[in-house]
Amino acid sequence: MAISRRELFHAGAAALVSSTGLGAAESGMITISPSPKDLETPVGDFINVITPTEHFFVRCHTMTPQVKLADWKLEVTGLVDHPGSLTMADLKKLPHVTMQAVLECAGNGRSFYQPRMPGAQWKFGSVGNAVWTGVRLRDVMAKFGLKKGSTQLLLDGADVPIGKMQDFQRTIPVEKALDPDTILAFEMNGKPLTAEHGFPIRVIAPGWASDSWVKWLQKIDVLDHEFDGFWMKTAYRHPAQHIAPGTAIDPKDMVPVTDLNVKSLIATPDAWAAPGTVTIRGVAWSNTSPVTKVDVSVDGGKSWQPAKLGGKGTKYGFRAFNYVWKAPEGNHVLMARATNAAGQVQPIDPEWNPNGYLYNAAQPRPVTISKVPTSPNAPTDPTTASAPASYKAACTPCHDDHFVAQQRLTRAQWDREVTKMTGWGAEVKAEDRAALLDYLAATFKP
Ligand SMILES: Nc1nc2c(c(=O)[nH]1)N[C@H]1C(S)=C(S)[C@@H](COP(=O)(O)O)O[C@H]1N2
Ligand SMILES: [Mo]
């Protein structure tokens, strides 16, 4: 939702007082940021083919809006024959569709890229598979009539930007919008959408990364061009061609992120198992071409064996896999590698891109096989204990330390990050900037 200059102040104030506490529903999740709310699903949950809603990852660029159905309608404007709106009752009169589809953040796995990139430092779990129920977007658009020359649908949710940040708005091409599998969902796993996941409706763009799955949808504006806002033209773009890690790239050679990459994830064992028969279990997923094969390695990728696939599989959902392993005592490195019907295979080395999107390398998973359980020594993030006063004043009005403490950036990268934040409204005094950068670059370094 776009807001006027006058309203900006109020949005900022709302952010200041918004709660940063975690509720009971979020326990057992990995906190990337408590507010804006970004929560990651722990790997152990991926023994389920359907991710339980309470443990489904959450990604919000700004504060979660609490939409009331009584105030809500879906407005359709732009290049249509009859601009207008639909209520939830109107929408639900259209034929219902129910399907599984994997929702994966384009930034999932960003923390594994070398060199490190700024952004939410997701590991394995900004992905999930749910059963979505809704209506086809093509049926909705048929009620309004697309005009000749319309090429893109601009999708806008009820969330409001913080400070001078741009509103989260995304265009999807008309071909994707009219695909019979693209739906506007009002239910997730058999219940109305929760506020975090987009109540009352969200876009389901199966096979595509979830930046296109706009939540809290309330407006569709039909255009004859790709939208030129920040979240289309700067964020969520990656190189059209392969480039070497760390290479600078001309923005004109970047294209919007669309299709997901074929990928798999080992849920168990995680870090430790007792010697004997160990079943390696996990899930695999893909883009619009379904998973056909998963191979597993128990020796760090030297040799590969086919895993058994579970169920019949669905076009867009998770496919379970398992591999029974006679696990000897010692330290081992597990890996899984999925292949899809189009012949795409997970790479061993990640395809590099400057924003850290669509990571899908077969990630090595160290595991200790021993009679005595070992707990992994997860490295802890540095703290802001020694931060200069300017840090607290400039960098904590909109979010807490989580976003900062998880970064591992060079001074040049921090410089760009501080510029991004001052552009959004962070107030860094000119005389404080060098000391603030010195502190960030020395504390949260590669
Ligand atoms: N309106 C709106 N839609 C949004 C977002 C957002 O910030 N605002 N985040 C997007 C991104 S980047 C992701 S990864 C998914 C996350 O969906 P989830 O929170 O239901 O897991 O929602 C997408 N839809
Ligand atoms: Mo995302």
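The largest nonpolar core of this predicted model comprises 79 residues. Within this core, W132, V140, L153 and I220 have the most contacts. Because domain 1 (5-256) and domain 2 (263-346 + 358-369) both contribute residues to the core, it lies between them.

One of the residues just named, L153, illustrates how the core is connected. Setting aside neighbours within four places in sequence, L153 is in contact with L137, M141, R170, T171, I172, V174, A177, I220, D221 and V222. The list thus includes I220, itself among the core residues with the most contacts. Apart from the largest core lies another, with 20 residues, including V298, A307, L334 and A338.

The domain assignment of the protein also gives a domain 3 (389-443), in addition to domain 1 and domain 2. Between the C-alpha centres of domain 2 and domain 3 the distance is 39 Å.

Attention now turns from the cores to a pocket. The second largest pocket holds about 1,200 Å³ of space. Its lining is formed by 35 residues, of which F112, K123, F124, A378 and P379 are the closest to the centre of the pocket. Two or more lining residues come from each of β1 (30-33), β23 (330-340), β24 (365-369) and α7 (402-405). Among these elements, β24 provides the largest share of the lining, with four residues. In terms of residue class, the lining of this pocket consists of 14 nonpolar, 14 polar and seven charged residues.

Terms used
Residues numbered from 1 in each chain as written. Chains lettered and ligands numbered in written order. Predicted model: local features only at pLDDT ≥ 70, side-chain atom pairs only at ≥ 80, totals over all residues. Heavy atoms only, no water. Core = buried A, V, L, I, M, F, W, Y, C linked by side-chain atoms within 4.5 Å. Buried < 20%, exposed > 50% of the residue type's maximum accessible area, 1.4 Å probe, protein only. Domains from an automatic or database assignment. Contact = heavy atoms within 4.5 Å. 1 Å grid on protein atoms, 1.4 Å probe; cavity = no way out; pocket = protein on both sides within 12 Å on 5 of 7 lines; lining within 4 Å. Points joined across faces, edges and corners; volume = space filled by probe spheres on them. Nonpolar A, V, L, I, M, F, W, Y, C, P; charged D, E, K, R; others polar.
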